[in-house]
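I'm opening a fresh page for this chain. The plan is to look up the strands, then a few helix pairs, then some odd spots.

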Amino acid sequence: MIKEYFNNKTILITGSTGFLGKVLLERILWEAPEIGKIRLLARPGKSNGSPHEAAKERLEQSLLDSAAFARLRSRHPDFLSFLDEKLEVYACDLFEKDLGLKKKDQTKLFENLDAVIHIAACVNWDERFDYSVRVNTLAGARLMEMAKKATHPPRFVHVSSAFVHGSRSGEVFEEPFDPKKSIANLLGNGKHPFDLDEEIRRALEYADKVHEDADHPSKKPLFEKNARELAGIKKYASESMDQLFQRARNWHIRQELSAYGRERARLHGWFDSYTLSKAMAEMLLTKNHGPVPLSIIRPPGITSAVKDPIQGWLEGYHLVEPLIEGVGRGMIKAFPGDPQTIIDTVPVDYVVNLIMAACALQGEEGAMSVFQIGTSHRKPITLKEISKIWLEYFKRDPLMDKKGKPCKPAPAQFYPDPKKFVNFYQKKRKLPLTMAGKVISSIPIVRSLGPAKKACKWIDGTAKQIDRLCQFSDLYSVYTINTWKFMTHNTLALLDKMPEQDQKDFNVDSSTLDWERYWTETHIPGMRRFVINER
C-alpha cells in the first residue's frame, strides 16, 4: 500500500541534501522506482552558472559523493541519467518571502503535485533567532500558502521535532499547539501572554535593530580590537584586516541574536531558538492549513540507520555523537546530566518509515494529525545505561589517537545540576589558569620571554575553550537532564492501519530495538566508518 501510493506520483521534498532528507530521497527512489517525479528545492552552491544550474550541481554532487546512494548506483549504472529522469531541481532561498522562487517556478512547482514533504531547517540550537524564524517558522508556512493555491491541493508532511515540548516533562502527547499559548502558559507558570504573530514580528525587528547598532561608530573600536586578535590566529592569517573586521562584526551580531533567541525561548517555556521556532512553525501550519491534509512528524534525536540505506549510515555529529566520541577518547571527564534521565533517540530509517507512511495514508481533505516517533515510550534507556554501553564498547574496541595508539576511554562524571558543572570548570579549571596568566603578565622581565608569551597565549586560549564549554553545557544540558516520555499512540495506530507486509517494511515500533546490539553493532561502528572516517 505504501510503496504503491508513490507510483506515478509527483512529490516535492525540501532538505534533500541533509542527513534525514538524503535517507528519505534514497528510500523513495529505492522502494518506488515507478514514482513519477520528485521535485527538490535546493540552495544553489558556488557556481558560475545560473542559480538553477548551481542548485542542480550542488544536489548531484551531494548524491554522487554519498554512501547513502550506493545501492541505487549499483541498481542504475547510469546513475546521473536515472536522476535526470526522476528529479526536478528548483533553486530556492528559504530566507526569502517567496522562497527565492520566480512566479512561473511557483506555478510549475505545484502543478499536478500530490504531496509536499518539508524537512529543511536550521538545526543549530544556538542559531540567530531571526534565521531560525525565517527558515524554521516562516518557510513552511509560505510553502503551505502556495500549496493552498494549487488547483488540487497536495497533502503536506511537515517534519518538526519532539523537543518542541520544551520545559514540559513526563508523558507528552501527540497534540497540536494552541497558537495563543506558550509552554509556560500551559504549565501555569507563564507571566507573559504569548502572541504568535507578535513573537515573529519582534524577532525580525530586533534583528534589524542589532544590524543598525553594529554600524554605529561606537562599535568600531570593539570590532577593530577583535579583528587584531583574529589576525593572530593561524587559520585567519590569509585574510585582510577589512575581512577580519567584517568577521568580528558578524560574530558580534550572531552572538546578540543568538542570546536574544535563548531569552525569548526561555521566557515562554522553550529552551532555545530552535525549539521555539519549530513550535511556532507547527502553530502557523495548524492554524492556516485549510483544506490541505497536514501531518506533523516529531522525532527526537536522530541516529544512524538500522538497515536502510546501509546499516549504520550516519552523516555528521548530532545529539549523542559528541558524547560518544568524548567517552571513547577519554576526553569528557565531567558533563551536565542526570544519570536517570531517559535519552530519547531514534534511528533515521524509523523516521523515514513514518514520513512515508503518513504521506501515503493521511490524505483526507482538511485532516490534521501529529505523529511522534521515539523510544522513550516503548523502549526507554537512561543516560547511565547508555553511557555504560558506550564505555564497555570502547574498552573492547578503542579509538586510535593521532599517533595510532589506543585511546583510553573514561567514564564521565555527570552533574544533575548544570550550575554545579559550570562552577566546577570555572573554579577548578579556569580560575587557576587566569591567576597564572596574571602572575606571568605582572613581571615585565618574564612576560617578554618567548616561552612566557607562548604560555600566556595557551592560557588565554584554554580559558576561552572553558567559556565555550560552559556555554555549550547551558544549551546541551536540558537534553540530558529533562526527562520526556514522547507518547506515540497516533504513530502506533498508523502502524495498525498498514497491511502486514508494510508493517515489516515500514516499521515504526521502537520496542523492537535491542539497545546494546544497536549501539555496539550499528551506531558506533557506523559513526567510526562514516563520520570519524577510520581506515
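**Strand 7 and its neighbours**

I began with strand 7, where both faces turn out to be covered: L294, I296 and R298 on one side, S295 and I297 on the other, and all of them are buried. For "buried" I use under 20% relative accessible area, for "exposed" over 50%, and for "partly exposed" anything in between (1.4 Å probe, protein chains only). Helices (H or I, at least four residues) and strands (E, at least two) are DSSP runs, numbered from the N terminus. Five of the five residues of strand 7 are buried, so this strand is largely enclosed by the rest of the structure.

A note to self before going further: this is a predicted model, where local features need pLDDT of at least 70, side-chain atom pairs count only at pLDDT 80 or more, and totals for chains, interfaces and linings use all residues. Residues are numbered from 1 along each chain as its sequence is written, and side-chain values use heavy atoms, with hydrogens and water left out.

Which strands pair with strand 7 (residues 294-298)? One is strand 5, joined to strand 7 by four bridges and running parallel to it. The other is strand 11, with five bridges, again parallel. I count two strands as paired if DSSP finds at least two bridges between them. I looked up some partners too: F156 stands opposite L294, H158 opposite I296, and I297 has F371 of strand 11 as its bridge partner.

**Strand 5**

Next I moved to strand 5 (residues 155-159), and five of its five residues are buried, so it too is largely enclosed by the rest of the structure. Its two faces are R155, V157 and V159 on one side and F156 and H158 on the other. Strand 4 (residues 115-118) runs parallel to strand 5, and four bridges join them. Along that pairing I found A115 opposite R155 and H118 with H158 as its bridge partner.

How does the chain get from strand 4 to strand 5? It goes through helix 7 (residues 129-149), in a right-handed β-α-β crossover. Right-handed here means that, with the strands pointing away from the viewer, the path from the first strand over the helix to the second runs clockwise.

**The whole sheet**

Then I stepped back. Seven strands form an open sheet in the order 3-2-1-4-5-7-11, with parallel pairing. Strand 3 (87-91) and strand 11 (368-372) are the edge strands, each pairing on one side only. From one strand to the next the twist averages 15 degrees. My textbook reminder: strands of a sheet pair through backbone hydrogen bonds, either parallel or antiparallel.

**Two helix pairs**

I looked at helix 15 (residues 383-396) and helix 22 (residues 515-530), which pack at about 60 degrees with their axes 10 Å apart. That makes helix 15 oblique to helix 22. Axes are lines fitted to C-alpha atoms, for helices over the stretch in contact, and angles run from 0 to 180 degrees between N-to-C directions. Under 35 degrees counts as roughly parallel, over 145 as roughly antiparallel, 65 to 115 as roughly perpendicular and the rest as oblique. Among the residues that meet are W390 and Y393 in helix 15 and W519 and I524 in helix 22, where contact means heavy atoms within 4.5 Å.

The other pair is helix 9 (residues 196-214) with helix 12 (residues 273-288), at about 130 degrees and with axes 11 Å apart. These two are therefore oblique to each other as well. The contact involves L196, D197, E199 and I200 of helix 9 and M280, M283, L284 and K287 of helix 12.

**Odd spots**

I343 sits in the loop between strand 9 (334-336) and strand 10 (345-347). Is I343 buried or exposed? I read it as buried, at a relative accessible area of 5%. Beyond its neighbours within four places in sequence, its contacts include V320, T375, I386 and Y479.

I also checked the backbone. The peptide bond from D308 to P309 is cis, with omega near 5 degrees; P309 lies in the loop between strand 8 (301-303) and helix 13 (321-328). N112 has a positive phi, near 55 degrees, though it is a residue other than glycine, and at 60% relative accessibility it counts as exposed. N533 has a positive phi of about 60 degrees and is not a glycine either. N533 comes in the segment after helix 22 and is partly exposed, at 42%.
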